[in-house]
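Here is a short tour for a reader who has not met this structure before. Please look through the sequence and the 3D view first.

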Amino acid sequence: MFRLNPQSWCIDSTLNNIKLINKVRKRGESSVTSREQTAFEFWLDFFTESTKEGDSDDSRFPVLVLEPNKMHLPSSLKVTSENKSVQLSHTTWPENLEKARHDWHFPADSIKNVSLYKREDRCLFLFVQENSDDFQIYFPSKRLRQRCFELILNLLERSPTDPEELEQETEFEVS
């Protein structure tokens with residue numbers, strides 16, 4: 001459903017049906033594991049956030065991180081202005097990635113840059129120093145992507161019109 005990028009009314013209708021089914025379903029008889037329940041709650045939160053309209057003051061975002069193996073992993077991104085950091089945590093992951101790292105904490109000084117992805121209006125790139133991989137992060141909506149982008153720029157004490165930022169965007173268009 002994420003890849004289809006449907007209209008918000010369609011997602012809202014589907015979510016209401018899923019919530020109704022989940023409410024009626026008996027918990028005691030369910031054979032749902034905690035991993036499946038966590039994944040279910042993530043996707044419910046992710047799609048609920050995609051249907052919300054208006055400005056948000058949230059600094060925590062349900063996101064999908066595109067891994068090098070082209071797999072989208074459900075994650076949570078939190079931008080904290082008090083201690084000037086970004087925290088990224090995978091919410092769930094496949095069993096074959098159990099030993100991989102699933103939590104990152106980046107102080108503002110370890111963030112090289114953040115850039116909007118021009119081909120997808122729900123995606124941004126987070127470039128960091130301590131990790132060999134940079135992060136391609138997908139948000140539930142364009143509005144949340146923009147909110148996160150602005151929060152990270154505030155941490156880095158930059159504005160979207162800084163010459164350095166404009167040069168970065170130009171470099172990505174050419175490559």
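Which residue in β7 does Leu66 stand opposite? Leu66 faces Gln136 there. The model is a predicted one.

## The sheet as a whole

Seven strands make up an open sheet. Read across, their order is β4-β3-β2-β1-β7-β6-β5. The pairing is antiparallel. The edges belong to β4 (103-107) and β5 (111-116). Each of these has a single partner strand, so one side of each is left without a neighbour in the sheet. From one strand to the next, the twist averages 30 degrees.

Strands of a sheet pair through backbone hydrogen bonds, in either a parallel or an antiparallel way.

## Strand β1 and its partners

Strand β1 covers residues 60-66. This strand is mostly covered, with 6 of its 7 residues buried. On one side β1 pairs with β2, and on the other with β7, as the strand order shows.

The link to β2 consists of 7 bridges, and the two strands run antiparallel. Leu64 has Pro74 in β2 as its bridge partner. β1 and β2 form a hairpin with 5 residues between them. In the turn sits Lys70, which has a positive phi of about 70 degrees. The link to β7 (residues 135-138) consists of 3 bridges, again antiparallel.

## The end of β2

Strand β2 spans residues 72-80, and Thr80 lies in it. Is Thr80 buried or exposed? Thr80 is buried, because its relative accessible area is 17% and buried means under 20%. Leaving aside residues up to four places away in sequence, Thr80 touches Ser85 and Leu155.

## The β5 edge

At this edge, β5 pairs with β6 (residues 123-128). The two are joined over 5 bridges in the antiparallel sense. One bridge partner pair is Val114 with Leu126 in β6.

## Helices on the sheet

Helix α2 (residues 34-51) packs on the sheet. α2 touches β1, β2 and β7. The direction of α2 makes about 110 degrees with that of β1.

Helix α3 (residues 142-155) also packs on the sheet. Which strands does α3 touch? They are β1, β2, β3 (85-90), β5 and β6. The direction of α3 makes about 150 degrees with that of β5. Leu155, which Thr80 touches, falls within the residue range of α3. Ser85, which Thr80 also touches, falls within the range of β3.

Definitions and conventions:
Residues are numbered from 1 along each chain as its sequence is written. This is a predicted model: local features need pLDDT of at least 70, side-chain atom pairs count only at pLDDT 80 or more; totals for chains, interfaces and linings use all residues. Side-chain values use heavy atoms; hydrogens and water are left out. Helices (H or I, at least four residues) and strands (E, at least two) are DSSP runs, numbered from the N terminus. Buried means under 20% relative accessible area, exposed over 50%, partly exposed in between (1.4 Å probe, protein chains only). Contact means heavy atoms within 4.5 Å. Two strands pair if DSSP finds at least two bridges between them. Axes are lines fitted to C-alpha atoms, for helices over the stretch in contact, and angles run from 0 to 180 degrees between N-to-C directions.
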